[in-house]
Amino acid sequence: MTKPSLPELLHAAVSAVGGMERPGQTAMAEAVAEAVDDGSHLLVQAGTGTGKSLGYLVPSVAHGETVVIATATLALQRQLVERDLPRTVDALHPLLRRRPEFAMLKGRSNYLCLHRLHEGAPQDEEEGLFDPFESATPTSKLGQDLLRMRDWADETETGDRDALTPGVSDRAWAQVSVSSRECLGASKCAYGAECFAEMARERAKLSDVVVTNHALLAIDAIEGAPVLPPHEVLIIDEAHELVSRVTGAATGELTPGQVNRAVRRAAKFVDEKVGDSLQTAAEGFERLMELALPGRLEEVPEDLGYALIALRDAARTVISALGSARDRSVQDEDAVRKQALASVENVHDVAERITQGSEYDVVWYERHDRFGASLRVAPMTVSGLLREKLFTDRSVVLTSATLKLGGDFNGVGASLGLSPEGTGGDDVPQWKGLDVGSPFDYPKQGILYVARHLATPGREGSRGDMMDELAELVEASGGRTLGLFSSMRAAQAAAEELRGRLDKPILLQGEETLGELIKSFAADAETCLFGTLSLWQGVDVPGPSCQLVVMDRIPFPRPDDPLMSARQKAVEEAGGNGFMAVAATHAALLMAQGAGRLVRATGDRGVVAVLDPRLANARYGSFLRASLPDFWYTTDRNQVRRSLAAIDAAAKADGR
């Protein structure tokens, strides 16, 4: 039998999901097949509606090698495992004469731990000495959640937190889950043979396609102990998120509360002298943190340096003592000791990392109203790590609707450790960029309006002219507005102002769960939804409920953001343009994601309004505009009001 061609396979898969083949999807599938066949690397920008999931699934599954797919969001993981993969496998099975197996794999703390469930979570002294299942009254929310999870444990096949509906709070889940450091290990655990996390890893080892998330991919790369099964092809979807997720996984944190918790946990097992040394070091650290002012520490102050050395050395002594400690009076001794060890090891590792003072790390203080001060350390850049760990021994395909910033892929490529497209030698990964476009006719479906007449937004203070403009635009569009704001304070101020001015329902992020807000926004055309960062990327509302997307200002990182400002300074010291490489690229990515909320289907019409004149007037404005969909561009406020009114009238005429 002749091997089926890629067009045949793609046609079968697209038909199975009830879709339509699109030129961009075909071009993407061909490019992915080529990259997989010759072991090269590919960056693919595929606009909304391209059908990019099938564009990479079909060629990678057909190739027959083990494939890992890493995504950023839970929604896309679910879509792949519950919809796209089952249908694709069913459709390709008769043509391939084999049935590819697939599985989901996440970090250990995402799975129910049977040991924790049945033996109870080790409790800290200050948090009470009771088994949480006993102390949480059945009438309390926590108690109800814990009892429900006990029942669920008997039914679930996966133990995956995301399969528990409705979900539970982080506090409740913490009672029945463990981190990889806290895990006893399958061979030492009484429940090892039934462990959900171990079963997930075994399923992944036997699968042709493994769906995971960016966080686990980052841990796999950073820690050097492989979590993912060996694979020949790596597909990274939502690749615009990868750098921030890897940075998050490589960030360490120390807080007084966390250090004190480690002290309490270790005290059960070590002699008084060893325990007291860690207690004394913790008290010294806490006193310093009470005086900590937010901001970057370009050099670690002497007093902080001494405090961290004391913490590191005391933690090291405790770790040695914990290894040989035995206390049969402690219930479930092994699990309690493992939890103590995990806490102390984290304190030791972060303290040591900061005292070593790598030039590649950024250290800063943060202060939260609720949680107090924290000391954080993060890598200046993860590009070297990604180049070394991702792009060797496998073909890598990175895809997203927003990878081409300012007209090319080189900005995103540089953040991934790649040299400019078409350059490089033996040690530098070779890669190709491909923009397969979008099935949407952006110039006909959307308008990009820049309010050029407004005052340039300052760092603080009210923007009366912006509020007037916003109110007029929302009125002209008959509601139907998604407001994307650069800060929660700005979103709250706008919601408060417009609730007083307009007879339109204004929903505000934080007043209800995000899912409920989006549902309410989609259900009523007159409703507006205002919010901040997660809305810039997380809203998918096709149709007439979202015909105006407003951005209050260009979303540059805050000037006092320690990590971003350090990265910008490092680029400048190396002779580059720090503002363009860091701040403008960050803003371009967010704006491209935000503008992508407008057109989600072929029938959608509307306006993206940017209430920041710098997009039209500043030198970097053209770079930012080149990163957005190719909407018809105008700065004419009257034209936009007429267009919005016409779009609103057309939707009402259709009864929508």
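**Notebook: backbone, sheets, rings and cysteines**

I began with Arg480, which lies in the loop between α19 (464-476) and β13. The model I am reading is predicted. I noted that phi of Arg480 is near 50°, a positive value in a residue other than glycine. Is Arg480 buried or exposed? I record Arg480 as buried, because its relative accessible area is 1%.

**Confidence**

I looked up the pLDDT before going further. The chain averages 89, and 94% of the residues score at least 70. Over residues 125-131 the pLDDT stays under 50. For that stretch I found ten contacts in the model beyond four places in sequence.

**Other backbone entries**

I kept the general expectation in mind: most residues other than glycine have a negative phi, and most peptide bonds are trans. I then entered Arg97, which is not a glycine and yet has a positive phi of about 65°. Arg97 sits in the loop between α4 (74-96) and β3 (102-104). With a relative accessible area of 64%, Arg97 is exposed.

Which peptide bond did I enter as cis? The bond from Thr165 to Pro166 is cis, with omega near -10°. I placed Pro166 in the loop between α7 (141-155) and α8 (170-174).

**Sheet with β6 to β9**

I traced an open sheet of four strands in the order β6-β9-β8-β7, with antiparallel pairing. Which strands stand at the edges? They are β6 (252-254) and β7 (295-296); each has a single partner strand, so one side of each is left without a neighbour in the sheet. Further in, β8 (residues 361-368) and β9 (residues 372-379) pair in the antiparallel sense over eight bridges. In this pairing I found Arg367 opposite Ala373 in β9.

**Strand β16 and its partners**

I next followed β16 (residues 548-551). In a regular strand the side chains alternate between the two faces of the sheet. In β16, Leu548 and Val550 point one way, Val549 and Met551 point the other way, and all are buried.

I looked up the pairing of β16 with two strands. With β13 the sense is parallel, over four bridges. There, Leu484 has Met551 of β16 as its bridge partner. With β17 (residues 606-610) the run is also parallel, and four bridges join the two strands. I entered Val608 in β17 as the bridge partner of Val549.

**Aromatic rings**

How many aromatic pairs does a search of the whole structure find? It finds seven. I took up Phe485 and Phe530: their ring centres are 5.2 Å apart and their planes stand at 55°, so I list the pair as tilted. This pair links distant parts of the chain, 45 residues apart. Phe485 is in the loop between β13 (481-484) and α20 (488-501), and Phe530 is in strand β15 (residues 528-531). Both rings belong to buried residues, Phe485 at 1% relative accessibility and Phe530 at 0%.

I then entered Phe579 and Tyr620, whose ring centres are 5.2 Å apart with planes at 55°, so this pair is tilted. Phe579 lies in helix α24 (residues 578-595) and Tyr620 in the loop between α25 (614-617) and α26 (621-626), so the pair ties together parts 41 residues apart in sequence. Phe579 counts as partly exposed at 25% relative accessibility, whereas Tyr620 is buried at 15%.

I also noted one aromatic cluster, formed by Phe440, Tyr442 and Phe631. Arg625 lies over the face of Tyr633, at 4.9 Å from the ring centre.

**Cysteines**

My search of the whole structure for disulfides found zero. Why is Cys195 not bonded to Cys183? The closest cysteine sulfur to that of Cys195 is in Cys183, at 6.1 Å, which is too far for a bond. Cys546 is likewise in no disulfide, the nearest cysteine sulfur being that of Cys528, 9.9 Å away. I record Cys195 as buried at 18% relative accessibility and Cys546 as buried at 1%.

**Ala522**

My last entry is Ala522, found in helix α21 (residues 514-523). Ala522 is partly exposed, with a relative accessible area of 38%. Leaving out residues up to four places away in sequence, Ala522 touches Val541 and Ser545. I also looked up its separation from Leu473: 49 residues in sequence, and 19 Å in space from C-alpha to C-alpha.

Key. Residues are numbered from 1 along each chain as its sequence is written. This is a predicted model: local features need pLDDT of at least 70, side-chain atom pairs count only at pLDDT 80 or more; totals for chains, interfaces and linings use all residues. Side-chain values use heavy atoms; hydrogens and water are left out. A disulfide is a pair of cysteine sulfur atoms within 2.5 Å. Buried means under 20% relative accessible area, exposed over 50%, partly exposed in between (1.4 Å probe, protein chains only). Rings of Phe, Tyr and Trp (its six-membered ring) pair if their centres lie within 6.5 Å; planes under 30 degrees apart count as stacked, over 60 as edge-to-face and the rest as tilted. A charge sits over a ring if NZ of Lys or CZ of Arg is within 6 Å of the ring centre and within 35 degrees of the ring normal. pLDDT is the predictor's confidence in each residue, from 0 to 100. Contact means heavy atoms within 4.5 Å. Two strands pair if DSSP finds at least two bridges between them.
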